[in-house]
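Visitor: Please choose a single part of this model and take me through it closely, stating the cut-offs as you go. I would like one connected account rather than a list.

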Amino acid sequence: MENTQYDFLRSYDFMILGQALNHRNWQIAMLTLQRMQREAKEAGLEIFERQFGNLRQCIISRQDKQAKDILALVTAKRAQLLRQGAPNAGEGKEE
């Protein structure tokens with residue numbers, strides 16, 4: 001895992017987005033999501049692209065339950081990627 005990917009996965013944006021959704025602060029949620037989409041693309045983590053698009057639609061429609069459900073899926077994927085290792089961890093090893 002590259003440093004940029006690791007930095008993105010460890011960012012506080014996930015928490016900020018969750019809090020914005022929980023408080024139904026749609027403007028903060030959208031701004032945070034846009035920043036996350038840009039950073040994920042720059043880090044080469046296209047695996048979040050579809051879920052971020054769906055999350056964007058939920059925010060636009062102000063569907064808080066669906067948005068939280070999608071965020072839960074994103075968070076699970078994030079945790080899975082973080083468990084796979086820190087930057088340079090396991091290089092040269094096959095798992």
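**Salt bridges and the helices around them**

Guide: K65 forms a salt bridge with D69 (a side-chain nitrogen of Lys or Arg within 4 Å of a carboxyl oxygen of Asp or Glu), and their closest N and O atoms are 3.1 Å apart. The model is a predicted one, in which local features need pLDDT of at least 70 and side-chain atom pairs count only at pLDDT 80 or more, while totals for chains, interfaces and linings use all residues. Residues are numbered from 1 along each chain as its sequence is written, and side-chain values use heavy atoms, with hydrogens and water left out.

Both K65 and D69 belong to helix α5, where they are four residues apart, about one turn of the helix; helices here are DSSP runs of H or I with at least four residues, strands are E runs of at least two, and the numbering starts from the N terminus. An α-helix has 3.6 residues a turn, so residues three or four places apart point the same way. K65 is exposed, at a relative accessible area of 53%, whereas D69, at 39%, is partly exposed; buried means under 20% relative accessible area, exposed over 50%, and partly exposed in between, with a 1.4 Å probe and protein chains only.

The structure holds three salt bridges, and D64 takes part in one of the others, with R24, where the closest N and O atoms are 2.8 Å apart. D64 lies in helix α5 and R24 in the loop between α2 and α3, so this pair ties together parts that are 40 residues apart in sequence. Helix α5 covers residues 64-83. At 18% relative accessibility, D64 counts as buried, and, leaving out residues up to four places away in sequence, D64 touches R24 and W26, a contact being heavy atoms within 4.5 Å. R24 itself comes just after α2 and takes a positive phi of about 55°.

The remaining pair is D13 and R35, whose side chains meet with 3.0 Å from N to O. Since D13 is in helix α2 and R35 in helix α3, the bridge ties together parts 22 residues apart in sequence. D13 is buried, with 9% relative accessibility, while R35 is partly exposed at 28%.

D13 leads on to the interior of α2 (residues 13-22), whose buried residues are D13, F14, L17, A20 and L21. They cover an arc of only 130° around the axis, which puts them on the same side of α2; the arc is that of the directions from the helix axis to the C-beta atoms. From that side they pack against α1 (3-9), α3 (26-43), α4 (49-61) and α5.

R35 leads on to α3, which has 18 residues and reaches 25 Å from its first C-alpha to its last, close to the 26 Å expected at 1.5 Å a residue, the expected span being 1.5 Å times one less than the number of residues. The buried residues of α3 are W26, A29, M30, T32, L33, M36, A40 and A43. Seen down the axis of α3, these fall within an arc of 165°, so they line one face of the helix, and on the other side Q27, K41 and E42 are exposed. The buried residues of α3 pack against α1, α2, α4 and α5. G44 follows α3, with a positive phi near 80°.

These helices also share a core. The largest nonpolar core (buried Ala, Val, Leu, Ile, Met, Phe, Trp, Tyr and Cys residues joined through side-chain atoms within 4.5 Å) has 24 residues, of which F8, L17, L21 and I59 touch the most other members. The elements that give two or more residues to this core are α1, α2, α3, α4 and α5, and α3 gives the most, with seven. Apart from neighbours within four places in sequence, I59 is in contact with L17, L21, W26, A29, M30 and L33. W26 is thus a residue touched by both I59 and D64.
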